[in-house]
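The following exercises are to be worked from the coordinates shown below. Each task is followed by a solution in steps.

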Amino acid sequence: MPDASQTAAAESAAEPSAPPVPERRFSETLLEVKNITLRFGGVKALTDISFDIKKGEIRAIIGPNGAGKSSMLNVINGFYTPQEGAITYKGRHRKAMRPHEAASTGIARTFQNIALFKGMSTLDNIMTGRLLKMKSNIFLQALYWGPNQREESEHRAFCERIIDFLEIQAIRKTPVGRLPYGLQKRVELARALAMEPDLLLLDEPMAGMNVEEKEDMCRFVLDVNDEFGTTIALIEHDMGVVMDISDRVVVLDYGRKLADGTPDEVRSNQAVIDAYLGVSH
Amino acid sequence: MSQPNLAAESAPRDATATERPLLSVNNIEVIYDHVILVLKGVSLTVPKGGIVALLGANGAGKTTTLKAISNLLRAERGEVTKGSIELEGEAVDNMTPNDLVKRGVIQVMEGRHCFEHLTVEENLLTGAYTRGGDRAGIQRDLEMVYDYFPRLRERRSSQAGYTSGGEQQMTAIGRALMSRPKVVLLDEPSMGLAPQLVEQIFEIVKRINEQEGVTILLAEQNTNVALRYAKYGYILENGRVVMDGPADKLRENEDVKEFYLGLSATGRKSYRDVKHYKRRKRWLS
Amino acid sequence: ATAPAAAQEQYVPLLVYKSGPYAPNGIPIAQGWEDYLTLINERDGGVGGVRLVWEECDTGYNNDRGVECYERLKRPDAAGVQPLSTGITYALIDRATQDKIPLFTSGYGRTSAAYGPVFPYVFSAPLTYWSGADVIIQYIADQEEGSLEGKKIALVYHDSAYGKEPIATLERLAEEEGFELFLFPVAHPGLEQKATWLQIGRQIRPDWVAMWGWGVMNSTAVKEAAAVGYPMDRFIGVWWSGSEPDVIPAGGDAAGYKALSFHAPGEDYEVLQDVVEYVYGGDAEAAREAAWGQVLYNRGIFLMAMQVEAIRAAQAIHGEGQTLTGEQIRDGWEALTLTEETLASLGMAGFTKPVAITCEDHEGGGQAFVQQWDGESWNIISDWYMPRREALKAAYRADALAYAAEKGITPRTCE
Amino acid sequence: MNLRTIAIWAVSVPVIIAALGYFHQGLAAAGLISFFTWPFYFEVILNGLLQGVMYSLVALGFVLIFKASGIFNFAQGSFVLFAALTMVGLIGMGLHWIIAFLLTAGVMVLVAIAVERVVLRPLVNQPHIILFMATIGIFFFMDGFGQTLWGSDIKVLDIGIPKDPIFLLPGVFEGGLLVNSFDVIAALCAALLVAVLAVLFQYTRTGRALRAVADDHQAALSVGIPLKTIWAIVWSVAGIVALVAGIMWGGKLGVQFTLALIALKALPVLILGGFTSIPGAIIGGLIIGAGEQVAENFIGSAIGGAIQDWFAYMLAMVFLLFRPQGLFGEKIIERV
Amino acid sequence: MLYREAGQFKTSYAADQSLFPIAQDKWGILLLLAFALFAVPFLANEYMLNSILVPFLVFSLAAIGLNILTGYCGQLSLGTGGFMACGAFFAYKLTTAFPEIHIVAIFLLSGLGTALVGILFGIPSLRIKGFYLAVATLAAQFFLIWMFNKFGWWTNYSPSGVISAPPREVIPGVVVTGTSGTPEAKYIFLLVFVALLALLAKNLVRSRIGRTWMAIRDMDIAAEIIGIRPMFAKLSAFAVSSFFIGISGALWAFCYTGSVEALAFEINRSFQVLFMIIIGGLGSILGSFMGAAFIVLLPLALNNGMLMIDPTISVALVAHIEFMIFGALIVFFLIVEPHGLARLWTLAKEKLRLWPFPY
Ligand SMILES: Nc1ncnc2c1ncn2[C@@H]1O[C@H](COP(=O)(O)OP(=O)(O)OP(=O)(O)O)[C@@H](O)[C@H]1O
Ligand SMILES: Nc1ncnc2c1ncn2[C@@H]1O[C@H](COP(=O)(O)OP(=O)(O)OP(=O)(O)O)[C@@H](O)[C@H]1O
Ligand SMILES: [Mg+2]
Ligand SMILES: [Mg+2]
């Protein structure tokens with residue numbers, strides 16, 4: 001995320017864009033998934049999947065339950081190692097990678113079944129997102145003095161900005177285990193944002209929210225994308241959301257790629273309608 | 001409560017005016033951990049054979065209300081400190097969840113809660129625990145669940161811990177159906193399900209409601225669908241019921257339209273157009 | 001146990017263990033102590049007219065609990081402490097010396113503390129572990145017609161400070177007498193002896209087995225020995241491995257098992273009859289219920305008798321009929337001489353052998369014998385043995401001086 | 001367990017035993033350990049296996065409770081002690097041992113019900129570590145209670161199981177292989193118990209409910225599984241298993257306080273077999289028993305002895321490095 | 001009405017992040033420390049100092065150590081006793097080999113040595129979790145005790161395997177080790193030393209590394225996905241935890257009992273410390289102190305209390321009843337508040353804050 005000069009630039013860019021949505025164009029490829037196949041024993045979760053994510057876009061992944069969407073994200077951030085295929089990220093080619101390495105190259109994510117640190121407060125959860133950016137060594141930390149204290153304050157300030165941004169000031173010190181579901185999702189987003197990622201993977205960020213909250217969440221996602229230029233890959237079942245905010249959509253079904261294209265293309269694809277949408281939206 | 005009751009003549013009772021409601025919750029207060037007051041006087045009634053929706057924002061107390069009914073609160077160090085809950089006129093305070101299931105009240109918990117190490121089929125079978133040795137009946141119902149959710153049949157022998165989110169949700173609902181319930185307390189059944197499946201599940205809910213006479217109390221975020229299938233709705237805010245009424249009336253209400261259905265006067269707005277300055281209006285009480 | 005306030009009283013703190021893993025052994029000893037103290041008060045009206053009062057604290061045979069108990073019970077006028085555990089003794093040696101309270105560690109504790117110049121407050125009459133090891137070897141040699149050349153002897157020991165004490169002495173003797181020594185440590189609490197006895201019974205097949213065990217380790221050893229068919233009459237325990245709780249659980253299998261002791265088993269001694277009369281009102285059955293006549297009960301009587309005699313000796317120095325401080329009673333210890341006559345006057349004729357403690361020698365020259373379990377009771381089967389002390393005393397001295405050097409203590413001169 | 005696994009075990013076990021034997025023979029040849037002979041080696045393994053079954057008997061009680069509630073019951077050792085004490089006490093009152101056994105079993109059921117009411121019910125749905133701690137509370141209570149009731153002196157428990165040494169296969173090995181008849185009978189009892197329990201738990205409705213409870217208390221409640229009853233049943237069964245263990249161990253060692261400590265020997269067994277597997281408790285027991293006896297007899301004497309305590313744990317740890325859930329434990333599910 | 005935070009506004013993040021954001025807490029702690037430092041040595045008798053306060057402080061340090069590993073990093077350990085033994089024997093070897101090194105340096109060095117051992121035995125934690133990990137730590141426990149018991153080198157070949165602490169001064173003229181130090185000197189030294197170490201621990205757990213540990217504890221997979229290296233996190237927890245535990249072992253041998261054999265640190269010691277942190281509160285430094293107080297004081301209080309009420313009661317019965325009450329109280333406290341005394345304390349404060357209104 002931004003240092004001061006960037007923020008200023010981003011803010012001016014965040015002037016409301018008037019509807020109808022202008023077709024956004026992206027050229028640079030951030031991540032490319034090539035011929036990925038992932039198996040668990042007999043279960044084939046993904047079969048020969050290829051697609052790409054351009055820098056700066058909002059990319060949606062949709063598909064029926066069990067289609068392999070979450071598995072796809074797990075492959076991207078290194079939690080699962082695919083049996084076949086490879087991933088090119090920021091121009092670098094890789095096959096297997098540990099999740100913490102993925103994190104240090106700028107990939108952050110949220111989880112379908114909330115994976116917050118239940119015993120910690122909201123603020124501490126968000127601060128964990130800053131771990132990679134913090135430098136002071138263990139002795140300074142033990143003394144809590146000088147550079148360490150300054151560092152703690154700086155990062156705290158950063159996290160406070162995110163807290164303001166996501167409007168969760170009131171629950172700063174509450175242990176997250178006690179928060180209602182929707183707020184937990186928001187805290188999870190905050191934690192991911194604190195990592196200042198280049199690529200943000202969101203797994204059903206709006207599940208279990210009502211319309212109003214979804215609106216808020218969409219707003220946040222769009223703002224992150226606009227203001228900080230973060231590339232976003234998003235899994236979501238609410239077609240309204242997907243169609244409204246994503247630039248391109250990839251559709252998975254039973255581990256295979258069914259379609260790939262702009263929301264409008266996907267919406268009118270008969271295979272997609274049959275397999276997933278049911279009634280057309 | 002300052003908000004006028006929408007249903008002028010207190011709706012749920014008029015259909016079944018003579019009959020006692022199946023379930024009635026009278027002005028309950030719930031406290032967690034002896035200090036956190038979450039429900040501040042919630043009342044609702046569920047008529048026999050009805051589908052009642054419980055709506056409200058995150059943290060409004062929907063889950064808490066359902067758990068209070070099914071007596072699962074104690075396991076979370078919560079307790080009902082005021083008010084009463086009655087099932088067919090009988091207080092349920094001292095019943096264990098097991099008694100309640102035997103009497104036909106079962107809850108589908110939010111966040112799935114499948115038994116990870118059991119296979120999908122074993123998960124379903126645990127739902128039939130209270131039915132004892134009725135093998136043939138259980139087998140029949142198992143088939144019924146598999147017919148409702150064909151995906152589960154495919155995955156029947158995988159450990160539930162390894163199934164996808166949606167599959168787990170189906171397992172959880174199927175598991176509850178296996179107990180042959182009279183009332184199902186459904187906590188966010190649509191969460192994480194593909195749109196097609198959401199419709200399907202609500203169709204199934206409607207079907208069991210109509211065909212088998214199962215009463216449904218439904219906590220939902222997906223107001224749109226919920227109000228389409230429910231006959232009556234309650235809206236919870238901050239641990240209080242702020243509005244209730246027949247589903248169709250609620251759907252017409254301007255506030256509900258704006259805040260729960262995402263419809264403004266001009267129709268559905270794109271999520272792209274929502275502005276920062278738009279702030280929710282809170283019902284004060 | 002309280003007396004009219006007017007009379008003089010001498011306070012005796014008792015560290016006991018009546019709970020925990022070692023309770024079966026701790027209970028009869030404590031019973032012996034209490035009964036003897038009661039006897040002195042009831043029969044003689046105290047020591048030189050000074051009544052004995054006591055307080056108990058349960059250590060559970062646990063070192064830190066023992067230290068806590070000591071701190072709780074200690075007073076300047078404490079007659080002395082018997083820690084009844086080698087581990088607790090180690091923890092208390094420095095403290096007691098500083099607090100000027102005598103420690104009486106009879107047949108256990110730090111062996112080299114028998115060297116008085118370095119350990120003025122510790123008394124280990126009548127025998128130390130090293131003496132015990134020496135006696136066992138003497139006895140075995142007698143059974144083997146004088147020569148141990150080429151024999152195999154195994155030591156099964158509790159793997160703690162206590163069990164390790166005899167090793168050095170046995171190693172020295174092995175060298176001198178030409179037998180081969182095998183060591184078998186047994187981890188606390190001593191339930192795991194299968195491997196030990198498989199090796200002993202099936203592989204090494206030593207001619208004799210000696211044991212330094214305590215608590216459940218003893219009975220387990222006897223059972224395991226029986227299970228591999230090791231001949232019981234070639235199995236000798238130290239005095240802490242030769243009491244009823246050690247053999248009764250093994251039932252008939254234990255018959256023939258031997259152990260050292262430094263006081264007689266059984267009931268036929270005047271002092272024990274006195275206990276029945278004065279403490280139990282003549283009811284021998286009630287007394288037997290309370291372990292009267294058992295080996296460890298008799299041990300309790302013996303230990304407390306020594307302590308009472310030390311008080312008496314101290315009164316002889318510092319004034320008859322007075323309450324004395326621990327420091328004064330220490331002087332009594334160093335002047336303690338029990339001859340056959342004094343023993344007889346205490347009703348202990350034949351019960352134990354004379355001791356004479358001096359400033360230099362805190363062991364006092366006691367003797368030990370071998371007893372054997374016949375399935376019903378313990379019987380004396382050997383003469384009294386006198387440990388070969390010249391070599392032992394040199395060893396005490398060397399070890400004690402090394403300790404003094406480490407601690408920066410200047411040894412007293414005895415004269 | 002299917003045929004294939006059985007075949008694998010049938011082949012690999014003799015191979016491993018032989019390999020270990022040659023390994024030790026090699027060590028002995030190189031002078032690193034003091035002795036090695038094949039008959040003694042087999043004798044050690046045989047005795048180790050029998051000893052291991054005794055461990056399994058205690059481990060079994062742990063497994064039952066863990067399987068059914070996800071609770072690691074620290075108090076199992078004190079149950080063993082308490083059961084044995086009660087049984088001895090009742091025999092001491094002049095009852096026949098069979099009657100005393102039945103009465104004690106009844107007492108253990110009462111204990112189980114009390115534990116459920118007083119401890120488990122209020123702590124439903126708490127993290128495992130809390131429940132673990134609660135069982136430590138029970139441990140202290142039961143230890144104190146048992147001793148207050150029955151005293152802490154050592155007692156003899158003899159129900160007439162013979163304890164004679166037997167020499168097996170005297171034709172094959174010189175002098176035969178020595179085992180004790182008591183150990184053999186104890187092993188048979190344990191095997192029987194395991195078979196019965198394994199069937200009970202794997203293939204019945206109650207068995208399924210137990211496993212459900214272990215996974216998620218709250219969800220189990222929500223589908224109407226009566227935790228009360230389930231727990232009372234399981235703790236009763238565990239209590240009765242403790243009684244059998246108490247009779248065997250008490251018969252071997254005498255009944256007194258230390259009996260509670262044998263629980264510590266059951267830990268590596270449990271961990272190696274997997275907390276949730278009843279057959280695992282037996283197999284784990286066999287491996288630990290044989291392994292530690294071999295180590296103590298051959299290697300221990302070379303490096304100072306009394307190594308079997310840590311050796312058992314090290315052995316279990318090595319197995320865990322390859323299978324973090326134990327040999328037969330349920331796979332640990334890790335997903336996001 | 002005394003306990004209010006209203007009106008106390010933080011003007012900087014640094015202020016909000018300070019140790020005790022609420023002024024009452026800060027002053028309360030300072031007062032308590034001042035009392036402990038200046039008043040207690042004069043009020044308490046020798047028994048209280050030697051047998052209650054000193055072991056309490058030593059145990060508190062061990063509990064802090066274990067709490068870092070188990071409470072903060074979620075790695076269940078039953079090897080505390082073994083690590084305490086490491087500290088004790090390292091310190092003994094060091095101070096007998098280099099008598100000129102200052103005793104505090106000896107303690108810190110033996111803590112560092114123990115940290116290395118901790119890392120070694122922590123390696124299996126990269127693969128083994130939960131109760132299964134307990135076995136790895138138990139292996140450490142039994143192995144270390146066996147090693148110290150078996151090899152004479154550790155005890156400078158003392159025939160019994162018992163080491164006794166040589167007298168050492170912390171400042172010229174004030175001996176704090178062995179039995180020659182006065183109870184007051186020992187107590188004050190321990191109080192200051194333990195308080196400082198506790199402060200370090202508190203700082204660690206509220207810094208980056210503490211959050212790393214907690215993340216691993218709460219959900220290791222998610223932690224890895226936000227960029228935490230599990231190996232670093234777990235091994236650092238083992239190291240830091242063993243550091244504290246090692247020091248407490250050294251203090252145990254040097255300042256409390258004055259002499260120990262390896263068996264003093266057997267498995268029961270590990271359980272004892274584990275009880276402390278569970279009763280006191282997992283993941284709480286304050287809880288470590290409370291738990292240590294509970295486990296050290298309660299048995300003594302029960303024991304002394306019963307004898308006070310009825311001096312003729314048999315000590316065996318007292319010991320048994322003490323066991324029963326102790327067990328029952330553990331269960332009772334867990335039922336009242338599963339998250340330990342520290343949590344109970346916070347809840348009480350929360351109630352106080354709301355007082356006189358119930359919610
Ligand atoms: N670790 C695993 N082991 C075994 N099977 C797995 C594992 N992870 C995923 N699967 C299987 O792979 C398939 C795809 O799962 P995934 O979670 O990716 O689905 P999804 O598209 O995210 O579905 P949903 O929308 O329901 O979350 C499912 O059938 C699931 O059971
Ligand atoms: N175990 C608990 N301990 C303390 N507070 C709790 C607990 N469970 C819930 N709460 C609090 O109770 C309030 C209501 O929670 P509840 O889960 O009932 O809301 P909900 O309406 O179901 O929300 P959602 O739509 O997010 O599921 C929340 O503010 C939450 O923080
Ligand atoms: Mg998914
Ligand atoms: Mg909810």
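The model used throughout is predicted.

**Exercise 1. Classify the pair formed by the rings of W214(C) and W240(C), and state what it connects.**

Solution.
Step 1. Two rings pair if their centres lie within 6.5 Å. The centres of W214(C) and W240(C) are 5.4 Å apart.
Step 2. Planes over 60 degrees apart count as edge-to-face. The planes of W214(C) and W240(C) meet at 75°, so the pair is edge-to-face.
Step 3. W214(C) belongs to the loop between β7 (208-212) and α8 (216-227) of chain C, and W240(C) to the loop between β8 (235-237) and α9 (244-247) of chain C; the pair therefore ties together parts that are 26 residues apart in sequence.
Step 4. Buried means under 20% relative accessible area. W214(C), with 4%, is buried, and W240(C), with 5%, is buried.
Step 5. Over all chains, the count of aromatic pairs comes to 82.

**Exercise 2. Determine which ring lies beneath R330(C) and which beneath the charged end of K93(E).**

Solution.
Step 1. The distance criterion for a charge over a ring is within 6 Å of the ring centre.
Step 2. R330(C) lies over the face of Y121(C), at 5.5 Å from the ring centre.
Step 3. For K93(E), the ring is that of W153(E), and the charged end sits 4.0 Å from its centre.

**Exercise 3. Identify the protein donors of the magnesium ions, ligand 3 and ligand 4, and locate them in their chains.**

Solution.
Step 1. Ligand 3 is coordinated by OG of S70(A) and OE1 of Q112(A), at 1.9 to 2.1 Å.
Step 2. S70(A) is part of helix α2 (residues 69-76) of chain A, while Q112(A) is in the loop between β6 (107-109) and α4 (122-128) of chain A, so the pair ties together parts 42 residues apart in sequence. Both S70(A) and Q112(A) are buried.
Step 3. Ligand 4 is coordinated by OG1 of T63(B) and OE of E110(B), at 1.8 to 2.4 Å.
Step 4. T63(B) is in helix α2 (residues 62-70) of chain B and E110(B) in the loop between β6 (105-108) and α4 (120-127) of chain B; this pair links distant parts of the chain, 47 residues apart. T63(B) is buried, at a relative accessible area of 18%.

**Exercise 4. Assess whether chain A is extended or compact by its radius of gyration, and describe its composition.**

Solution.
Step 1. For 281 residues, a compact globule would have a radius of gyration near 19 Å; chain A has 19 Å, which agrees.
Step 2. Along the principal axes, the C-alpha atoms fill a box of roughly 60 × 45 × 40 Å.
Step 3. Chain A contains 11 helices and 10 strands, and 62% of its residues count as buried.
Step 4. Of the contacts in chain A between residues at least 6 apart in sequence, 67% join residues at least 24 apart.
Step 5. The exposed area of chain A is about 10500 Å², of which carbon and sulfur atoms supply 52%.

**Exercise 5. Describe the surroundings of E46(E), and state which chains share the most contacts.**

Solution.
Step 1. E46(E) is in helix α3 (residues 46-72) of chain E and counts as partly exposed, at 33% relative accessibility.
Step 2. Apart from neighbours within four places in sequence, E46(E) contacts E71(C), K74(C), D99(C), S51(E) and P183(E).
Step 3. E46(E) and P183(E) are 137 residues apart along the chain, yet their C-alpha atoms are separated by 6.4 Å.
Step 4. Among the eight pairs of chains that touch, chains D and E have the most contacts. Chains A and C do not touch, with their nearest C-alpha atoms 32 Å apart; nor do chains B and C, for which the value is 37 Å.

Key
Residues numbered from 1 in each chain as written. Chains lettered and ligands numbered in written order. Predicted model: local features only at pLDDT ≥ 70, side-chain atom pairs only at ≥ 80, totals over all residues. Heavy atoms only, no water. Phe/Tyr/Trp six-rings, centres within 6.5 Å; stacked < 30°, edge-to-face > 60°. Helix = DSSP H or I, 4+ residues; strand = E, 2+ residues; numbered from the N terminus. Buried < 20%, exposed > 50% of the residue type's maximum accessible area, 1.4 Å probe, protein only. Lys NZ or Arg CZ within 6 Å of the ring centre and 35° of its normal. Contact = heavy atoms within 4.5 Å. Donors = N, O, S within 2.8 Å, 3.2 Å for Na, K, Ca; no water. Rg over C-alpha atoms; globule rule 2.2 N^0.38 Å. Areas by Shrake-Rupley, 256 points an atom, 1.4 Å probe, with all protein chains shown as cover.
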